Amino acid sequence: MNLGSSILFTLVGLIIGGFLGFYFTRKKFEKELKENPPINEKMIRAMFLQMGRKPSEAQIRQIMKSMNANR
């Protein structure tokens, strides 16, 4: 009985720990995405303008396409 209850408590602890770890990791990941969103077309335009270039829509679409392909 002592060994069986020990195994049961260990399994229950692992299951609860897994659920809590998943929940808090998910919340942290969502918070990070909210604070640091992935790059978008507006950011690409700003980078081109900082380099002193006026980007065309074709260039922006090409960069976005290549970034999405690398994900």
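A residue counts as partly exposed when its relative accessible area falls between the buried class, under 20%, and the exposed class, over 50%. The exercises below apply this to a predicted model.

**Exercise 1. Determine which helices carry Glu57 and Arg45, and how the two side chains meet.**

Solution. Begin with the contact itself: the side chains of Glu57 and Arg45 form a salt bridge, with a distance of 2.5 Å from N to O, and this lies within the 4 Å cut-off for such a pair. Next, place the two residues: Glu57 belongs to helix α3 (residues 57-69), whereas Arg45 belongs to helix α2 (residues 41-50), so the pair ties together parts that are twelve residues apart in sequence. Finally, classify the exposure: Arg45 has a relative accessible area of 29% and is therefore partly exposed, and Glu57, at 41%, is partly exposed as well.

**Exercise 2. Work out what separates the partners in the salt bridges Glu32 to Lys28 and Glu35 to Lys31.**

Solution. Take Glu32 and Lys28 to start with, whose side chains meet at 3.7 Å, N to O; these residues stand four apart in helix α1, which means that about one helical turn separates them. Glu32 is partly exposed at 32% relative accessibility, and Lys28 is partly exposed at 48%. Then turn to Glu35 and Lys31, which form a salt bridge at 3.9 Å, N to O, and which are likewise four residues apart in helix α1, or about one helical turn. Here Glu35 is partly exposed at 48%, and Lys31 is partly exposed at 45%. In total, the structure holds four salt bridges.

**Exercise 3. Identify the residues that make the nonpolar surface patch, and place Leu8 in the chain.**

Solution. The patch, of about 590 Å², is built from Leu8, Val12, Ile16, Leu20, Tyr23 and Phe24. Leu8 is located in helix α1, which covers residues 2-35, and at 49% relative accessibility Leu8 is classed as partly exposed.

**Exercise 4. Decide whether the protein chain is spread out or a compact globule.**

Solution. First describe the fold: the protein chain contains three helices and zero strands, in the order α-α-α along the sequence. Then compare the radius of gyration, 24 Å, with the 11 Å that the globule rule gives for 71 residues; the value is well over the rule, so the chain is more spread out than a compact globule. Alongside this result, the C-alpha atoms fill a box of roughly 75 × 25 × 15 Å along the principal axes, and buried residues account for 7% of the 71 residues.

How values were computed:
Residues numbered from 1 in each chain as written. Predicted model: local features only at pLDDT ≥ 70, side-chain atom pairs only at ≥ 80, totals over all residues. Heavy atoms only, no water. Rg over C-alpha atoms; globule rule 2.2 N^0.38 Å. Buried < 20%, exposed > 50% of the residue type's maximum accessible area, 1.4 Å probe, protein only. Patch = residues over 30% accessible without salt bridge, like charges linked within 9 Å, V, L, I, M, F, W, Y side chains within 5 Å. Areas by Shrake-Rupley, 256 points an atom, 1.4 Å probe, with all protein chains shown as cover.
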